[in-house]
Amino acid sequence: MHLILIGAPGSGKGTQARRLVKTYGIVHISTGDMLREAVHSGSDLGVLVNTYISQGHLVPDTHVTTLVEERLDRGDLPNGFVIDGYPRTVGQIGEFDRIMKSRQRTLDAVLRIDVPAEVVINRLSDRRIDPETGRIYNLNLEGDHPDPDLEVRLVQRNDDRPEIIKQRLSTYNAETLPVIEQYREMGQLIEVNGARAPSLVFASIQRRLSSQTESQ
Ligand code: ADP
């Protein structure tokens, strides 16, 4: 199975991707995570990439496309993948198509998690990460609040600051909404309401994916 996962920053893509991985035995590919790894490695590419990410701007297509191609050629994707963060611009749609065709892989569906802007702004401002486990917490979500001794070690993603969040959302509206429209026109889009509990969002995704496979 090959899926694209699209949604605004903070729409819950990471959470749903984890569930998709568990349920369908596919691999999660996140361009955001790959780019952040490049930044942390301190490589030349990482230093360059950080100048874009830290401002909430997109990294130039060629760098991201190369990373995606290298990832797909690693040979550990027997059941397919769910890719999150790519394609993120209309230009990247054609690149993704080329990458898939040349590797005899077929896209099954594009999952869009739809969440209103005010919800994502709140979620991102309250998002914290445990640097030791990578687990994401939301300080304002009931049942998600960490123990006080854990809370002290949580960090905020550098681009989860209010002024950068605003920029990321406007980049998303300008560059990524047209991607969604294009996949809608191509008849490949599955849209789910993401302003609900993660388990309900996932139940919708599963339902829609299974009815899509039946109709094929
Ligand atoms: P979010 O969806 O929460 O904004 P991601 O973790 O997916 O965050 O991406 C973080 C940053 O990485 C983006 O703001 C952008 O700078 C860069 N990035 C990720 N994917 C792409 C892409 N396909 N094209 C260009 N830049 C990208």
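How much of the protein counts as buried? Of its 216 residues, 42% do. Keep in mind that this is a predicted model.

**View 1. The whole fold, with 9 helices and 7 strands.** Stretched along its principal axes, the C-alpha trace of the protein covers about 50 × 40 × 35 Å. The radius of gyration comes out at 17 Å, and that agrees with the value near 17 Å for a compact globule, because the chain has 216 residues. Contacts reach a long way along the chain, too: among those with a separation of 6 or more, 71% are between residues 24 or more positions apart.

**View 2. The surface and its charges.** About 11,300 Å² of the protein is exposed, and carbon and sulfur atoms supply 50% of that area. As for charge, there are 26 positive and 30 negative ones, and their mean positions sit 3 Å apart.

**View 3. Close-up on an aromatic pair, Tyr-86 with Phe-96.** The count for the protein is 1 aromatic pair, and here it is: Tyr-86 and Phe-96 meet edge-to-face, 6.1 Å centre to centre, with 65 degrees between the planes. The edge-to-face label applies because that angle is over 60.

**View 4. Where the two rings come from.** Tyr-86 belongs to the loop between strand 3 (81-84) and helix 5 (90-102), while Phe-96 is part of helix 5, so the pair ties together parts that are 10 residues apart in sequence. Are these two residues buried or exposed? Both Tyr-86 and Phe-96 are buried.

Note on methods: Residues numbered from 1 in each chain as written. Predicted model: local features only at pLDDT ≥ 70, side-chain atom pairs only at ≥ 80, totals over all residues. Heavy atoms only, no water. Helix = DSSP H or I, 4+ residues; strand = E, 2+ residues; numbered from the N terminus. Rg over C-alpha atoms; globule rule 2.2 N^0.38 Å. Buried < 20%, exposed > 50% of the residue type's maximum accessible area, 1.4 Å probe, protein only. Contact = heavy atoms within 4.5 Å. Areas by Shrake-Rupley, 256 points an atom, 1.4 Å probe, with all protein chains shown as cover. Lys, Arg positive; Asp, Glu negative; His and termini not counted. Charge placed at Lys NZ, Arg CZ, Asp CG, Glu CD. Phe/Tyr/Trp six-rings, centres within 6.5 Å; stacked < 30°, edge-to-face > 60°.
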